[in-house]
Amino acid sequence: MPPPRFLFADQLGPHYDDGGPIVLVEATAVLGRRTYHRAKAHLILSALRHRARALGDRAEFLQAEHYRDVLTGRDLEVINPTSWGARALVAELGASVLPSRGFVTSEQDFASWADGRPVSRLVMEQFYRHVRTTTGTLMRGPEPEGGRFNFDHDNRQPPPKGATSLGLPDPWAPVEDDIDEEVRRDLDRLVAEGRVHLIGADGPRQFAATRAEALAALDDFIETRLSDFGPFEDASLIGDSTMAHARLSVPLNLGLLHPQEVIDAVVTAYHSGGVPLPSTEAVVRQVMGWRDWVWHLYWHLGENYVAESNFLGAHEPLPPAFLELNGDAVEARCLSHVLDEVSRTGYAHHIQRLMILGNWSLQRGYEPSALSDWFINAFVDGTPWVMPANVVGMSQHADGGIVATKPYAAGGAYISKMTDFCGGCRFNPKIRLGPDACPFTAGYWAFLDRVEPRIRGNHRMAQPLAGLRRLVDRDEVVAQERTRTDW
């Protein structure tokens, strides 16, 4: 008979449970070594305690300062965990290790696909097409459904003109119970004792912490938002924090949902009629393509990827507005709004992360590893394996082009087109110099000026750099942004 299985807090779904005895550990030091968002700390404890209750007598639920305090010397098995640090702990404990779960493809699958390819050729789109083809997902024989693997070009619509929301029902939200009340009291006590330090607001829990809640959230997305996800996945509105996004990254990253379940559900909805193929394919690409690819890159690129990646020479510290999640300290309406949303919920959808928070950080030269840590800490779905490729690679281009072929920098015109954030803002997205100059518009040109020596060999940046060289007020814009204090 195998020994008890120790499950981490991101391995809480049925696909991690083969029916034997389970060990769950709530380790206070895990919360204490980072400055987490209050909602994230609440979610982790709530999910662990709900899982322990659901397992009943099969679960041994332990509360301790450190994992080692209650696990050292025990005979245990584990499913290979999701971070370098957790794997080091498992090795130290001498546990029997089972292969990873919770992804569409295995580490062996990725290794076979990547074999012989240089790092620069580990392109997500090629990996995605490979997985689509080998699994038969959205395929008609050897050809992709609809004749194309990728409908991203169709999924870039701005929000409807004059709209304050997409008009969709409010997203599913859980009803808190006695476990959540207990978690809230315990977090208050830990903060008062100085054992944990939290940021962000303490609001009602908004994301799934149980298997039943995760399935309800998935069903709600399929029923109310999936059809609109594709066309508006890059759009934002002040009055609609969710838009058509699924908000399933939390239960996926807690292990409460398996990604294949999400894929099967959206594909079934498409084949049943009523859901457009571009929306269906967009979800499949995000879950089967991007999510799996980022997971595999975390291991493939090595434990030092984040620490050693700073291709653009970015060394500025994160500002207090970020560290304290204080949107009131920011005048730019877009950045202020998104920081307020993160403070309130611990969440912002992907375009706000990439083109507001990430774009701003890229332009201002914030240190990539510190920014990656901030995203892990401040977001309810932030994990050590998610953020390196997403933040360091894609958002900050700190790896020099492994994850993204060019920096994701854009001026105020993009934000003005894809959001309603610019209305009522004191800055003008069309102006780059003077008191009304948009810090994103002017910041874009100052960023190009700063990194030009490092990116002039990138053919995808040839046109922006040509525009920079034609800028008649280049020196003035650069000087303005170097000393800017009003943003």
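A cavity here is a set of grid points where a 1.4 Å probe fits but cannot get out, and a residue lines it if one of its atoms is within 4 Å of a point. With that in hand, H2 is the element that gives the most to the lining of the largest cavity, with 4 residues. Keep in mind that this is a predicted model. Below is a quick tour of the enclosed and open spaces, two bent helices, and some buried residues.

**The largest cavity**

- The structure holds 7 cavities of 30 Å³ or more, and the largest of them comes in at about 130 Å³.
- It has 14 lining residues, and the ones closest to its centre are Ala39, Gly203, Pro204, Arg205 and Gln206.
- Two elements, H2 and helix H15 (333-345), each give two or more residues to this lining.
- Sorted by class, the lining of the largest cavity has 6 nonpolar, 4 polar and 4 charged residues.
- Domain 1 (5-98) and domain 3 (320-483) each supply at least three residues to the lining of the largest cavity.

**The second largest pocket**

- Moving from cavities to pockets, the second largest pocket offers about 1100 Å³ of space.
- Its lining is made up of 46 residues, with Val30, Arg33, Tyr36, Ser83 and Pro384 nearest the centre.
- Elements that give two or more residues to this pocket's lining include strand S2 (22-27), helix H1 (28-32), helix H2 (38-55), helix H12 (277-300) and helix H17 (368-378).
- H2 turns up again here: it gives the most to the lining of the second largest pocket, with 5 residues.
- The lining of the second largest pocket splits into 27 nonpolar, 10 polar and 9 charged residues.

**Helix H12, one of the pocket-lining helices**

- How far apart should the ends of H12 be, at 1.5 Å a residue? Its 24 residues should span 34 Å, and the end C-alpha atoms sit 32 Å apart, which agrees.
- H12 isn't perfectly straight, though: there's a bend of about 30° at Arg285.
- Of the 24 residues in H12, 21 are buried, so the helix is largely enclosed by the rest of the structure.
- Just past the end of H12, Gly302 has a positive phi of about 95°.

**Helix H20, another bent one**

- H20 (residues 439-455) has a kink of about 40° at Asp449, shortly before the proline Pro453.
- In H20, 13 of the 17 residues are buried, so this helix too is largely enclosed by the rest of the structure.

**Two leucines with positive phi**

- Some background first: most residues other than glycine have a negative phi.
- Leu138 goes the other way, with a positive phi near 50°.
- You'll find Leu138 in the loop between helix H6 (124-135) and strand S7 (139-140).
- Is Leu138 buried or exposed? Its relative accessibility is 4%, and buried means under 20%, so Leu138 counts as buried.
- Leu325 also has a positive phi near 50°, and its place is in the loop between helix H14 (320-323) and H15.
- With a relative accessible area of 3%, Leu325 is buried.

**Other buried residues worth a look**

- Ser372 lies in helix H17, and at 2% relative accessibility it counts as buried.
- Ser372 and Pro388 are 16 residues apart in sequence, with their C-alpha atoms 6.4 Å apart in space.
- Gln396 is in the loop between helix H18 (387-395) and helix H19 (412-418), and it is buried with a relative accessible area of 4%.
- Which distance separates Gln396 and Asn310 in space, C-alpha to C-alpha? They are 8.7 Å apart, while their positions lie 86 residues apart in sequence numbering terms.
- Arg132 belongs to helix H6 and is buried, with a relative accessible area of 1%.
- Arg132 and Phe229 are 97 residues apart in sequence and 20 Å apart in space, C-alpha to C-alpha.

Technical notes
Residues are numbered from 1 along each chain as its sequence is written. This is a predicted model: local features need pLDDT of at least 70, side-chain atom pairs count only at pLDDT 80 or more; totals for chains, interfaces and linings use all residues. Side-chain values use heavy atoms; hydrogens and water are left out. On a 1 Å grid over the protein atoms alone, a cavity is a set of points where a 1.4 Å probe fits but cannot get out, and a pocket is an open set with protein on both sides within 12 Å along at least five of seven lines; lining residues have an atom within 4 Å of a point. Grid points are joined across faces, edges and corners, and a volume is the space filled by probe spheres set on the points. Ala, Val, Leu, Ile, Met, Phe, Trp, Tyr, Cys and Pro count as nonpolar, Asp, Glu, Lys and Arg as charged, and the others, Gly among them, as polar. The expected span of a helix is 1.5 Å times one less than its number of residues. The bend at a residue is the angle between axes fitted to the seven residues ending there and the seven starting there. Buried means under 20% relative accessible area, exposed over 50%, partly exposed in between (1.4 Å probe, protein chains only). Domain bounds come from an automatic or database domain assignment.
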